[in-house]
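Dear colleague,

I am handing over the structure we talked about, and below it you will find a careful account of what was found in it. Please keep it open beside you while you read.

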Amino acid sequence: MRINVSQQLKASVGSIRNYQVNGIVDIAGSDSLVQGEVRLMRTDRGILAKGILYTEVEVTCSRCLSLFGYPLTLNIEEEYFPTTDVVSSASLPLPEELGCFTIDEHHVLDLTETIHQYALLAIPMKPICHEDCAGLCPNCGHNLNQGPCDCLLQRTEPRWSELTKLVLANDTLVNKPKGTE
Ligand SMILES: [Zn+2]
Ligand SMILES: [Zn+2]
């Protein structure tokens with residue numbers, strides 16, 4: 001993810017270079033393969049990196065707690081500012097913007113931190129392994145995606161008897177002889 005941009009920093013504003021991204025980045029504690037292409041453009045202040053990157057991170061389903069691969073599409077667009085003048089080697093003042101990305105004193109632009117930040121923002125707060133994930137049984141913790149647990153039977157039985165009582169009660173009302181109310 002480290003790109004030497006010394007040649008491009010010497011080039012005129014608007015010059016473009018395409019860079020193929022294919023590498024491993026640590027995202028949320030797991031190594032993820034990141035692939036795609038970024039277009040590097042020389043700006044009057046530095047280098048603008050723009051492109052679409054694809055990766056997959058391992059996340060935990062918020063319903064059934066199983067691990068699954070979640071694909072991410074990262075629309076990267078960031079400007080990188082040189083810290084050292086490529087011709088004179090003099091230190092350069094950084095723009096006032098907070099948290100801006102920089103090109104180091106060896107004129108290396110590192111996409112790692114950008115990818116890391118974009119990926120963390122793209123991961124949903126409550127990921128779900130698939131739309132109709134059945135989750136865990138609140139009683140025994142069984143993963144209901146793997147079939148029903150025994151609690152289901154035990155819990156439906158009393159409910160059925162309640163319903164039977166209700167039906168019987170209604171029946172009595174309906175069958176009451178006319179004129180007794
Ligand atoms: Zn799930
Ligand atoms: Zn259960």
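A good place to start is one pair of residues in the sheet, where Gly23 stands opposite Val34 in β3. Please bear in mind throughout that this is a predicted model, and that every value below was computed from it.

**Strands and hairpins**

The pair just mentioned belongs to a longer arrangement, since β2 and β3 run antiparallel to each other and are joined over 12 bridges. These two strands form a hairpin with two residues between them, and in that hairpin Ala28 takes a positive phi near 50°. Ala28 sits in the loop between β2 and β3, and it counts as exposed because its relative accessibility is 51%, where the cut-off is over 50%.

On the other side of this turn in the sequence, β3 also pairs with β4, again in the antiparallel sense, and here there are eight bridges. One of the positions to look for is Val38, whose bridge partner in β4 is Gly51. The hairpin made by β3 and β4 has four residues between the strands.

As for the chain as a whole, it has three helices and seven strands, and from the N terminus on these elements follow the order β-α-β-β-β-β-β-β-α-α.

**A second positive phi**

Most residues other than glycine have a negative phi. Ala28 departs from that pattern with its value near 50°, and His107, which is not a glycine either, has a positive phi of about 65°. His107 is found in the loop between β6 and β7 (108-110). Is His107 buried or exposed? With a relative accessible area of 12%, His107 is buried, because the limit for that class is under 20%, whereas Ala28 counts as exposed.

**The nonpolar core**

The largest nonpolar core has 33 residues, and those that touch the most other members are Leu40, Leu109, Leu111 and Ile115. Two or more residues of this core come from each of β2 (16-27), β3 (30-42), β4 (47-60), β5 (67-82), β6 (101-103) and α2 (112-122), so that you can follow it through these elements in turn when you look at the model. Leu40 is a useful residue to select, and if its neighbours within four places in sequence are left aside, its contacts include Ile3, Val5, Ile16, Tyr19, Leu48 and Leu109. Over the whole chain of 181 residues, 31% count as buried. Of the contacts in the chain with a separation of 6 or more, 47% are between residues 24 or more positions apart.

**The first zinc site**

Which residues hold the zinc ion (ligand 1) as its protein donors? They are Cys61, Cys64, Cys129 and Cys133, each through its SG atom, at 2.3 to 2.4 Å from the ion. The angles among the four donor atoms are 105 to 113°, and the site is tetrahedral. For comparison, the ideal angle for four tetrahedral donors is 109.5 degrees. Along the sequence, the donor residues of the zinc ion (ligand 1) follow the spacing C-x2-C-x64-C-x3-C. Cys61 lies in the loop between β4 and β5, while Cys129 lies in the loop between α2 and α3 (150-174), so this pair ties together parts that are 68 residues apart in sequence. Cys61 counts as buried because its relative accessibility is 0%, whereas Cys129, at 22%, counts as partly exposed.

**The second zinc site**

The zinc ion (ligand 2) has Cys137, Cys140, Cys149 and Cys151 as its protein donors, again through SG atoms, which lie 2.3 Å from the ion. Why does this arrangement count as tetrahedral? The four donor atoms subtend angles of 103 to 113° around the zinc ion (ligand 2), and this makes the arrangement tetrahedral. The spacing of these donor residues in sequence is C-x2-C-x8-C-x1-C. Cys137 and Cys149 are both placed in the loop between α2 and α3, and they are 12 residues apart. Cys137 is buried, with a relative accessibility of 3%, and Cys149 is buried as well, at 9%.

**Cysteines and disulfides**

With so many cysteines named above, you may want to know how many disulfides the structure holds. The number is zero. One further cysteine to look at is Cys100, which counts as partly exposed because its relative accessibility is 23%.

With best wishes

Terms used: Residues are numbered from 1 along each chain as its sequence is written. Chains are lettered from A and ligands numbered from 1 in the order in which they are written. This is a predicted model: local features need pLDDT of at least 70, side-chain atom pairs count only at pLDDT 80 or more; totals for chains, interfaces and linings use all residues. Side-chain values use heavy atoms; hydrogens and water are left out. A nonpolar core is a set of buried Ala, Val, Leu, Ile, Met, Phe, Trp, Tyr and Cys residues joined through side-chain atoms within 4.5 Å. Buried means under 20% relative accessible area, exposed over 50%, partly exposed in between (1.4 Å probe, protein chains only). Contact means heavy atoms within 4.5 Å. A disulfide is a pair of cysteine sulfur atoms within 2.5 Å. Donors are N, O and S atoms within 2.8 Å of the metal (3.2 Å for Na, K and Ca); water is not among the atoms, so sites may look incomplete. Four donors count as tetrahedral if all angles lie between 85 and 135 degrees; four count as square planar and six as octahedral if opposite donors are over 155 degrees apart and all others between 65 and 115; anything else is irregular. Two strands pair if DSSP finds at least two bridges between them.
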